[in-house]
Amino acid sequence: MSDMGVTDTPAARLQALFEGHRLTPTQRRIAHSMVRRAADVPFLSSVELAELAGVSQPSVTRFAVALGFDGYPALRRHLREVAPAERQQSADSASYNEYQQAVEAEIANLRHLAEVLADPRPVQRAGRVLAASRPLPVLGLRAAASQAYGFAYFAAKVHPDVRLLHEGGTMVHDRIDAAVRAGATALLCFALPRHPREVLDTLGYAKEAGLSVVTVADSAFAPVAKVSDLLLPAAVGTGLAFDTACAPMLLGRVLLEAMADELPDAQARLEEFDTKAAARGLFVE
């Protein structure tokens, strides 16, 4: 489960409601959808919520019972007590085309991330864990490969030994073994939908090898939560044919900043790089 701090927002209150319950994958999907649309959920019927989450209406009812309510009406009454009295929705949103709606959804994801980061302690803790690991393996498979590559590219400018793991299969276990032998104490993982089974297997292997697992995932209810020591959630957009991951990318940069703050020679490394880049004419001004 996520180790992010709780702030006084509709999404955070929903998150607190779900934590501590053993939810099935379908129920985690409903919970994730509710957190993403926290301001609207108290006004949705069970059928509307089912459509939002892509599940059946009976699944919504079972979800409410799993949380300790008599049924969905009782859950919705509770949500109306802890959520804002009015929908937080733009008056113009109904007229947006599908592309604009995708952008608006990403803006909402970023706003939610800003609310979560009101408590910086989990990210700062993750930064300390990653900075202390020499080497630092960074895992990202399939859809998450670009997130891992971006983090590793910039991290290598301030961290002495960053190892990108972006190809699955049996070789990834060999590379984790090599990192552990070289002194690694932690692994950073980017995990995005659809969650490949090999990511779960790899994180389980990393934990058995003694590594602390820090994961950036799309939800605190993502399958990787059970094999992560510290999970930092950032929602993805689902309005287009392929998911959009602006919030996870930004959270990765925030985590990079927190890690750099824990590396005493980070600034010196950056200045050295700039000096060498200028001497080589590496960039066009």
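## Exercises on helix packing and sheet order

Arg13, Leu14 and Leu17 of helix H1 meet Leu75, His78, Leu79 and Val82 of helix H5. The model used in these exercises is predicted.

**Exercise 1.** Describe how H1 and H5 pack, and classify their orientation.

*Solution.* Two packed helices are described by the angle between their axes and the distance between the axes.
- Step 1. For H1 (residues 10–18) and H5 (residues 72–82), the angle is about 140° and the axes are 10 Å apart.
- Step 2. Angles over 145 degrees count as roughly antiparallel, and 65 to 115 as roughly perpendicular. H1 is therefore oblique to H5.
- Step 3. The crossing of H1 and H5 is right-handed.
- Step 4. By class, the contact of H1 with H5 holds five nonpolar residues, one polar and one charged.

**Exercise 2.** Carry out the analysis for helices H9 and H10, and list the residues in contact.

*Solution.*
- Step 1. H9 covers residues 171–181 and H10 covers residues 197–208; they pack at about 25°, with axes 10 Å apart.
- Step 2. Angles under 35 degrees count as roughly parallel, so H9 and H10 are roughly parallel to each other.
- Step 3. H9 and H10 cross in a right-handed sense.
- Step 4. H9 contributes Val172, His173, Ile176 and Asp177, while H10 contributes Asp201, Thr202, Tyr205 and Ala206.
- Step 5. Sorted by class, these residues are four nonpolar, two polar and two charged.

**Exercise 3.** Test whether the end-to-end span of helix H12 agrees with its number of residues.

*Solution.*
- Step 1. H12 runs over residues 266–280, which is 15 residues.
- Step 2. The expected span is 1.5 Å times one less than the number of residues, so H12 should span 21 Å.
- Step 3. The end C-alpha atoms of H12 are 21 Å apart, in agreement with the expected span.
- Step 4. After H12 comes Gly281, with a positive phi near 65°.

**Exercise 4.** Work out the strand order of the open sheet, name its edges, and give the partner of Leu188.

*Solution.* Strands of a sheet pair through backbone hydrogen bonds, either parallel or antiparallel.
- Step 1. Five strands are arranged as S2-S1-S3-S4-S5, with parallel pairing.
- Step 2. S2 (162–165) and S5 (230–233) each pair on one side only, and are the edge strands.
- Step 3. From one strand to the next, the twist averages 20°.
- Step 4. S3 (residues 186–191) and S4 (residues 212–217) run parallel and are joined by six bridges.
- Step 5. The bridge partner of Leu188 in S4 is Val214.

Definitions and conventions: Residues numbered from 1 in each chain as written. Predicted model: local features only at pLDDT ≥ 70, side-chain atom pairs only at ≥ 80, totals over all residues. Heavy atoms only, no water. Axes fitted to C-alpha atoms, helices over the stretch in contact; angles between N-to-C directions. Helix = DSSP H or I, 4+ residues; strand = E, 2+ residues; numbered from the N terminus. Left-handed = near helix turned anticlockwise from the far one by under 90°. Contact = heavy atoms within 4.5 Å. Nonpolar A, V, L, I, M, F, W, Y, C, P; charged D, E, K, R; others polar. Pairing = 2+ DSSP bridges.
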